[in-house]
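Me: I am new to this structure and would like to go through it by question and answer. Please start with the terms.

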Amino acid sequence: MRPLRAATVCGIAVALLLSGCATPAAQGGAADAAEPDAIASRAASLGIAPDLVYTTAVDGWLLAPQSVGVNGSEGMTAAWTADGSAAILMLRTDRGELTADTCAAMPLWDASDAPVTCTEEGGVWHRSGGGVDEYATSSEGAIIWVIGMNAAPTEDLKAAAQAVHVPSEAELQLLFSDAPTGAATPVERGDIPENGDGAPVDPVGPGG
């Protein structure tokens, strides 16, 4: 599988905007990534920006293709489940810069009001606060969060963050196997007037 689109950090196949130990990009595996045109074609069906399409792989967790969708205006969200457990591992992507300061400034998914502590662990950011743990990494202007739900093990969240990568062709097909084909189109409203700046006004009856 192809690592993130930037250098590895401390030998881990992830990319972080961190100071300190950094090694050259991992050798090999790049050919396994799906072609950019293929990613763009599949991502367009859900309105996801192709450069925000990422996936991961952790032993014991299976992707739920029906969970793949748009996050925010053009990011991606996807969920993985574990057999015999209600736990969920969720991956979200969006644009942004990931530094020590921005990491701490971003609210946690499940504890939006809690102060956030960010610690670099094995090449990824461990974000914690209010009894909640999640992980984040970044690449070429994209931030990728790995979030746990229903008591997902923290060690699995960390492993998933460390394994984030651009999908291979097979992984791309699985990611979007439940998505419609063709580019996403806006829903047309039949009750909005062609001219004017608002919804139609109901006529006033007798007596107002």
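Reply: A salt bridge here is a side-chain nitrogen of Lys or Arg within 4 Å of a carboxyl oxygen of Asp or Glu. The model is predicted, so local features need pLDDT of at least 70 and side-chain atom pairs count only at pLDDT 80 or more, while totals for chains, interfaces and linings use all residues. Residues are numbered from 1 along each chain as its sequence is written, and side-chain values use heavy atoms, with hydrogens and water left out.

Me: How many salt bridges does the structure hold?
Reply: Side chains of opposite charge can pair when their charged atoms come close. One such pair is D51 and R95, at 2.6 Å from N to O. The number of salt bridges in the structure is 4.

Me: Which residues are joined into one network by salt bridges that share partners?
Reply: D51, in the loop between α1 (36–44) and β1, and R95, in strand β3, are 44 residues apart. R95 also meets E74 in a salt bridge of 2.7 Å, N to O. Since R95 lies in β3 and E74 in the loop between β1 and β2 (75–82), this second pair ties together parts that are 21 residues apart in sequence. The network formed through shared partners consists of D51, E74 and R95.

Me: Is E134 buried or exposed?
Reply: Buried means under 20% relative accessible area, exposed over 50%, and partly exposed in between (1.4 Å probe, protein chains only). The side chain of E134 forms a salt bridge with that of R127 at 2.9 Å, N to O. R127 has 0% relative accessibility and counts as buried. E134 is at 1% relative accessibility, so its class is buried.

Me: Which are the edge strands?
Reply: Helices (H or I, at least four residues) and strands (E, at least two) are DSSP runs numbered from the N terminus, and two strands pair if DSSP finds at least two bridges between them. An open sheet with antiparallel pairing is formed by 7 strands, in the order β1-β2-β3-β7-β6-β5-β4. Two of these strands pair on one side only, and they are the edge strands, β1 (61–71) and β4 (117–121).

Me: At about what angle to β6 does helix α3 run?
Reply: Axes are lines fitted to C-alpha atoms, for helices over the stretch in contact, and angles run from 0 to 180 degrees between N-to-C directions. Contact means heavy atoms within 4.5 Å. Helix α3 (residues 154–162) lies across several strands, including β3 (88–95) and β7 (142–149), and its angle to β6 (132–139) is about 5°.

Me: Within what arc do the buried residues of α3 fall?
Reply: The buried residues of α3 are L157, A160 and A161. The arc is that of the directions from the helix axis to the C-beta atoms. Seen down the axis of α3, the buried residues line one face of the helix because they fall within an arc of 100°.

Me: Which element gives the most to the largest nonpolar core?
Reply: A nonpolar core is a set of buried Ala, Val, Leu, Ile, Met, Phe, Trp, Tyr and Cys residues joined through side-chain atoms within 4.5 Å. The largest one has 35 residues, of which V53, W61, M76, L89 and F176 touch the most other members. Two or more residues come from each of α1, β1, β2, β3, β7, α3 and α4 (169–175). With 4 residues, the element that gives the most is β2.
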